[in-house]
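Good morning, everyone, and thank you for making the time. I would like to walk you slowly through one protein structure, starting with the chain as a whole and then moving to the empty space inside.

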Amino acid sequence: MLKVEKRNGNVVDFEQDKIKIAIEKAMKETDKGIDEEVSQKIACEVFEELKNKELVDIEDIQDLVEFSLMKYRPEVAKKYILYRQERTKLREKGWDMTALQRDIYDKKYRYDGESFNDFLTRVSGGNEYIKKAIKDKKFMPAGRILAGRGLDKLGRKITLSNCYVMPKVEDSIESIFDTAKYLARTYSYGGGCGVNISKLRPKGARVNNAALTTTGSVSFMDLFSLVTGLIGMRGRRGALMLNMDSSHPDIEEFINVKNDLDKVTYANISVNVDDEFMKAVKNDTEYDLHFTVEANGQEIHKKVRAKELFEKLAYNNWNDAEPGILFKDRIDSWHLMSEFDDFEFAGVNPCAEEPLPAFGSCNLSSINISNFVKYPFKEDAYFDFEDFKVAVKHGVRFLNGVLDENAELHPLKEQREVAKNLRQIGLGLMGVADMFIKLGIRYGSDESIDLIKKIGRVMINEALRESAMLAKKDGPFPMYREKEFLASKFLQKNADPDVIELIKEHGVRNSQLLTMAPTGSISTLLGCSNGVEPIFQISYTRKTESLNNEDTYYKVYTEIVREYMDAHGIRDEEDLPDFIITSKDLDYKDRILVQSAWQEFIDASISSTCNVPNEFTVEQVEELYMFAWEKGLKGVTIYRDGCQRAGILISNNKKSTKEKIDELQGEIDALAKNALAENPDVCPMCGGKMNHSGGCRECQDCGYSPCSI
């Protein structure tokens, strides 16, 4: 049988149908369209030319196709030749990139000058489907995988998990500082963290030490924030989410803490709101803030008017873009482990798309859903569900491979154990807004919601199906119990009958499958809209200096808008159709309805910020939050254009915070040096073995070195 040697050296059987498909794909792009008789004739001619050979090169086949096309359809030959040239350029140099995209690629993800092909091979782990999907901008692993995969073989200590959640901080000084230690260690490996402080006793509660009463839970937020800033200032990435239950007596102080611009500057904050609170807001009734101090039995109760507290929360979000809201009861009830009595979420990651248990973590990747639209911007454009199913299947398989590879790369032993027992992954989407524009659908319309529900159901069922097939091969995740798993309301609502039967037979390999991350850097790298968000703007103004040393201003269109304008010969944005809409022009209810439709099929959560115009009122923020709760969201926050936070982000009022960080760094350095003096072979940070070389010492486990202080 005739064999074909591919560019990667693999040898496969010759398939004549593939030639026909490739020709018809090029034909589709011409005015005359597809001629199946001609495509079949060319495919047969190519086979006849090669049939007496044992092995042919893929380039030889394509040369013959070009020659035949020139005879029968010269205009198709041109399309085919241009496509080959583009693919050759892509293999050798990578995508065409803007300065920003090149900066992201070179500075964040490319390792030590590796070629584009080497980059693809490294991050895909040699998975040929994923390698091609990344090259085609259909799939992209999250930042930790891009930056760190394969580097453990070079001795680098980098986790492949973007996000972690710490145990809820227990009501003791030991637990508080253990948490600070866990944060520092996790940041040093590149992971972001979430911490719930709801178990810390409120301000004024009795304590059994010299202070007599505590300064309260909120007073410890700065400690965790400072640790985050300290590690970040050492050239590593630090990201922190702090959250508190709405029923905690310190909740009002928590909501207002960031009004002081020098407090908690290195953390996001969110309130865990329960259904009882939201009902009290809706009915304008009182709400009970309560806490029991386990150490001494002290009961603390405070009645508040729920609506008044809600108004303060809404005002701060309107003014400062924080705190966000997490709908706790929806988070706890809408996932695959909801009926396991021994399972509990401890908090959420910094962008809130990942509710996780204590020491939980997650590997993330996203499918660029816009590139599954066939014949974009045309009347016959459609979403290719079959192609998408294949991507979901390979995405789940890919993330399970990353999960196994990352098994020993988590910073803490407890994190390694939880990852092994739960096997949580997070496959998500980006390019949602771009997909709608390619299909001619308005974001938030009934048509868009219907399409979301079709795609969402396919996605969760294909993910469950592939996880079950992996369980057939390797066994279900260790904490899996069939009765409790099958009782999940999320599973019962979304799984097709054949998928349920497959799960009954084999179990599933993963306790969590889908999530919607913000995809900021990776969507920018690919040039698509981020996450599930609408496009931010139609165009923006860029300034450049001309040859005459004068500033020149010109308009730059958002990528998807430029593509649409080019496809339809549009010169002015005034001529764009009404279905192309930006976040500032979108009714907030339509924005919430889109997120609600996706959340129905996502077992984790969705990172979401509703961008609203400056004239958006506090009352509208309250309405937005109430509507989001009623529509089953797990969380949401807003960013109002021109709010006070915009000024804070560019202010220079950071001196006192830096002084605090420098002071804390000095104390840590002194403690570490003293510990090393007492035992020079033991790492003062993690207890690992110190290796002595080059006139200094370095921990073989966490990488700590006194020479870097």
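Of the 709 residues in this protein, 54% count as buried, and please keep in mind throughout that what you see is a predicted model. If we turn to the surface, the protein exposes about 32,400 Å², and carbon and sulfur atoms supply 48% of that area.

As for the secondary structure, the chain contains 27 helices together with 24 strands. When we take the contacts whose partners have a separation of 6 or more, 72% of them are accounted for by residues 24 or more positions apart.

Now, to the empty space. Rolling a probe the size of a water molecule over the atoms shows where such space is left. In this structure there are four cavities of 30 Å³ or more, and the largest cavity holds about 120 Å³ of space.

Which residues lie nearest the centre of that largest cavity? They are Asn196, Asn272, Lys328, Phe345 and Gly347, out of a lining of 13 residues. By character, the lining of the largest cavity divides into five nonpolar, four polar and four charged residues.

We can also ask which elements this lining comes from: β7 (240-245), α14 (328-333) and β12 (347-348) each supply at least two of its residues, and α14 gives the most, with three.

That is where I will stop, and I am happy to go back to any part of the model with you.

Conventions
Residues are numbered from 1 along each chain as its sequence is written. This is a predicted model: local features need pLDDT of at least 70, side-chain atom pairs count only at pLDDT 80 or more; totals for chains, interfaces and linings use all residues. Side-chain values use heavy atoms; hydrogens and water are left out. Helices (H or I, at least four residues) and strands (E, at least two) are DSSP runs, numbered from the N terminus. Buried means under 20% relative accessible area, exposed over 50%, partly exposed in between (1.4 Å probe, protein chains only). Contact means heavy atoms within 4.5 Å. Accessible areas come from the Shrake-Rupley method with a 1.4 Å probe; for residues, only the protein chains shown count as cover. On a 1 Å grid over the protein atoms alone, a cavity is a set of points where a 1.4 Å probe fits but cannot get out, and a pocket is an open set with protein on both sides within 12 Å along at least five of seven lines; lining residues have an atom within 4 Å of a point. Grid points are joined across faces, edges and corners, and a volume is the space filled by probe spheres set on the points. Ala, Val, Leu, Ile, Met, Phe, Trp, Tyr, Cys and Pro count as nonpolar, Asp, Glu, Lys and Arg as charged, and the others, Gly among them, as polar.
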